[in-house]
Amino acid sequence: MSCYAIYIVFVTSLQLRLFTCCLLLGTPPEDTHFFFINSKNYFTFFILYYSYDSTLTIDHPTKIALAVTLETFTVFSFQLLLSVGDLTVDVFFLSGRREEGKLLDAELVRRLREFVGVTNGNLDTRNMATLSFLYIYMSIFGSGELPSMTVSVWSELPTGAGLGSSAAYSVCLSAALLCASGAIPAPLKEWDHTARWCQEDLELINSWAFQGEMIIHGNPSGVDNAVGTWGGMLRFLAGKIIPLSRVPLLRILLTNTKVPRSTKVLVARVKDKINKFPTIMIPVLDSVDAISCTCERVLSEMTCEPITGEHYNILEELIDINQHHLNVMGVGHPALDTLCRVTLARGLHSKLTGAGGGGCGITLLRPETDSFVVQSTAQDLRDCGFDCWETSIGGPGVQQHSPVSVKEEVLEILNKY
Amino acid sequence: MQVRDCIVSAPGKAILHGEHAVVHGKVALAVSLNLRSYLQLKATTNGKVSINLPNIDTFLCWDSNELKRLISDSGGRREEGKLLDAELVRRLREFVGVTNGNLDTRNMATLSFLYIYMSIFGSGELPSMTVSVWSELPTGAGLGSSAAYSVCLSAALLCASGAIPAPLKEWDHTARWCQEDLELINSWAFQGEMIIHGNPSGVDNAVGTWGGMLRFLAGKIIPLSRVPLLRILLTNTKVPRSTKVLVARVKDKINKFPTIMIPVLDSVDAISCTCERVLSEMTCEPITGEHYNILEELIDINQHHLNVMGVGHPALDTLCRVTLARGLHSKLTGAGGGGCGITLLRPETDSFVVQSTAQDLRDCGFDCWETSIGGPGVQQHSPVSVKEEVLEILNKY
């Protein structure tokens, strides 16, 4: 049985500050864990302890028999031996070094905003990217010496197109900074080109990336950073994000019509349409749900059995049907109609992806679609004034690279700095 | 026997909403199309029965004595049953020279005429007459031209025989029959349709008879009380297709993806119901722009659903795109896979826009007519009320 020293601070509000605690108690040593306990009586207790035994985890909460009676003490410290048992209170686990909570450290954000010179007026991409970096850097390294480093980022993704470029950035930052700090290992072995982290480390990376996203977007869904972290395909329903086990790699054309649109406006438009014609629109939503389920099933089949032309036929039919439903919902656009028509003329099937009303579309390429057709289609789309990339979906999430495994042109850019 | 002369007309038919879904138990709305078939019946004294169908280049003449031999021993004058007199059909087929190999439009039109004529007049003397028909409707386009023809035949022959009165008063331009007489006309027209189509739904002849709009669900046909007259462009892409093939394609798709497709059918049903409600509102309250906005939205949504069902076609996409470029909303009507489309015109759509759109569509190789839907069913005309160019054609014979 380990010894614990317990420091109990009596507070009347939820305005807990990490630095306030440090002020009261001095800089906590390594392995200090903070417990915030909301007890059933009137006051909330903030209990600090440091353990000699780092095997203590949240799964073995300590019974603190004295907590209930300690209502009026402000600060005191005492040492006692406690038995391990159940604690029938809600425990919110905060870690000094491992900030995994769902909430941002608002004070840090505030100070960083001041530091960067961000007011409500200039929330531009540059400021957001800077804030995001500083927040993650300060949070990860902030409790010790701040290491000097150069961070360079090059993205193949267009910004502001709904393609998760900010999340990819946040995921990269999180992975790199966590890895640099030693919080997670570097998974790359000597002869590897690329390597991925284990599930637990990915969860850590994801939670930091989500914090980065919160700084950039305010109230993100979490899907973008989850995809950036885990890759492959995720099923997303009512706020729950579930990475799917195996999905085939599918070649696509990604097209940006570059028609600007407001996601907020489009979401509202759909809502209004549903309210205006519920009996017409609700079945359409049911149909879309069935499309997602059918697609998930087909993709799963494609990883278990030999892939046939019929698999691709079904994927193409689902794309076409969903595109019609999206038009019915009111998020179509003539540019997207053009995209679909131009690709269909080459026998390829497309749908908008994301908010619609312009923005991007994806076109499915079949394994047998030869590169002449692909190039010609891409050219047709560029002739319409669109940007077009040949790429794939379902590929890996965040990974560490050896220098040789990075595309030459990208490495060249990164190495400039 | 001297029969009454008359001129009658009957409208074609278009499906406003619900095609294909109706096969699967959903509501469809059928509307009269104001492209009409006109029939002139003239009593003659030359002992001959002639039919003149210039649209299909058919001009036939029989001696009434020839036809007398075809009279059946049984069968009254007013065969109102749902079943055809199979014996009469058999004998007429032999007479006309129809075998299973040449069931063409000409033969079907001839058979249909002879069947109705023989059934109505067959128990007495066969009066000599000349029947001339001119139609504004394209044939074989799913627009109910054969039903309009059958309705005209039935109305004219029943009227000529005195089985129903001639409703036209001295100063009238047009006049319609009472409900009971319309039911009689409709039942005979349905028999004519059975001869031409084998197993018709009955919607086409009901629309031709009653006009306006009909609600069609699971075999039940209900004429709707009042509907506004809506201006439309009717376009024929002239892309041939087989209704049978298209109906099967939809069925296959539903069986392949039931969870995806069945909600789409439900949505189409809701579209038909919403449209019916809006049109009914338009006859009770002042018509507003919002009414038309809703009609246009319903057209667009249904057109997407029809594509989802698999009955779209690039020519129809072109039709929709070309009209949309002028701010007008269109959908296919009928079987799809080509065929016809309807484009809604708003009251404020000026004739320059209408003409330009029609021209754009003709430039695509389509045929295009400006007309209206929801107009009257079968009616009797005074000669002055018939369009001059139509009367001219009818009077040639």
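**Exercise 1. Count the polar contacts between chain A and chain B, then describe the side of chain A that touches chain B.**

*Step 1.* Start with the polar contacts. A polar contact is a pair of N or O atoms within 3.5 Å; within protein, one must be able to donate a hydrogen and the other to accept it, and residues adjacent in sequence count only if both atoms are side-chain atoms. Across the interface of chain A and chain B, the rule finds 7 residue pairs in polar contact, both at pLDDT 80 or more.

*Step 2.* Find the elements. In chain A, α7 (263-276), α8 (278-304) and α9 (309-329) each supply at least two residues of the side that touches chain B. Helices (H or I, at least four residues) and strands (E, at least two) are DSSP runs, numbered from the N terminus.

*Step 3.* Sort by class. The side of chain A that touches chain B has 10 nonpolar, 6 polar and 6 charged residues. Ala, Val, Leu, Ile, Met, Phe, Trp, Tyr, Cys and Pro count as nonpolar, Asp, Glu, Lys and Arg as charged, and the others, Gly among them, as polar.

*Ground rules.* This is a predicted model, in which local features need pLDDT of at least 70, side-chain atom pairs count only at pLDDT 80 or more, and totals for chains, interfaces and linings use all residues. Residues are numbered from 1 along each chain as its sequence is written, chains are lettered from A and ligands numbered from 1 in the order in which they are written, and side-chain values use heavy atoms, with hydrogens and water left out.

**Exercise 2. Give the extent of the interface between chain A and chain B, and find a salt bridge in it.**

*Step 1.* Count residues in contact (heavy atoms within 4.5 Å). Chain A brings 22 residues and chain B brings 22 residues.

*Step 2.* Take the buried area, the accessible area (1.4 Å probe) that two parts lose on being put together, summed over both. Chain A and chain B bury about 1,900 Å² between them, with 70% of it on carbon and sulfur atoms.

*Step 3.* Look for salt bridges (a side-chain nitrogen of Lys or Arg within 4 Å of a carboxyl oxygen of Asp or Glu). The rule finds 6 across the interface of chain A and chain B. A:K276 and B:E290 form a salt bridge, 3.1 Å from N to O.

**Exercise 3. Describe how the two domains of chain A meet.**

*Step 1.* Set the bounds, which come from an automatic or database domain assignment. Chain A has domain 1 (76-246 + 398-416) and domain 2 (250-393). Their C-alpha centres lie 30 Å apart. Each domain of chain A gives 9 residues to the contact.

*Step 2.* Add the area. The two domains of chain A bury about 780 Å² between them, 58% of it on carbon and sulfur atoms.

*Step 3.* Check the charges. The rule finds 1 salt bridge across this interface of chain A.

**Exercise 4. Do the same for chain B.**

*Step 1.* Domain 1 covers 6-222 + 376-395 of chain B, and domain 2 covers 227-371. In chain B, 25 residues of domain 1 are in contact with 35 residues of domain 2.

*Step 2.* The two domains of chain B bury about 2,400 Å², of which carbon and sulfur atoms give 68%. B:H17, B:E19 and B:H20 supply 27% of the area that domain 1 of chain B buries against domain 2, more than any other three residues.

*Step 3.* The rule finds 3 salt bridges across this interface of chain B. B:E19 also forms a salt bridge with B:K331, with the closest N and O atoms 3.0 Å apart.
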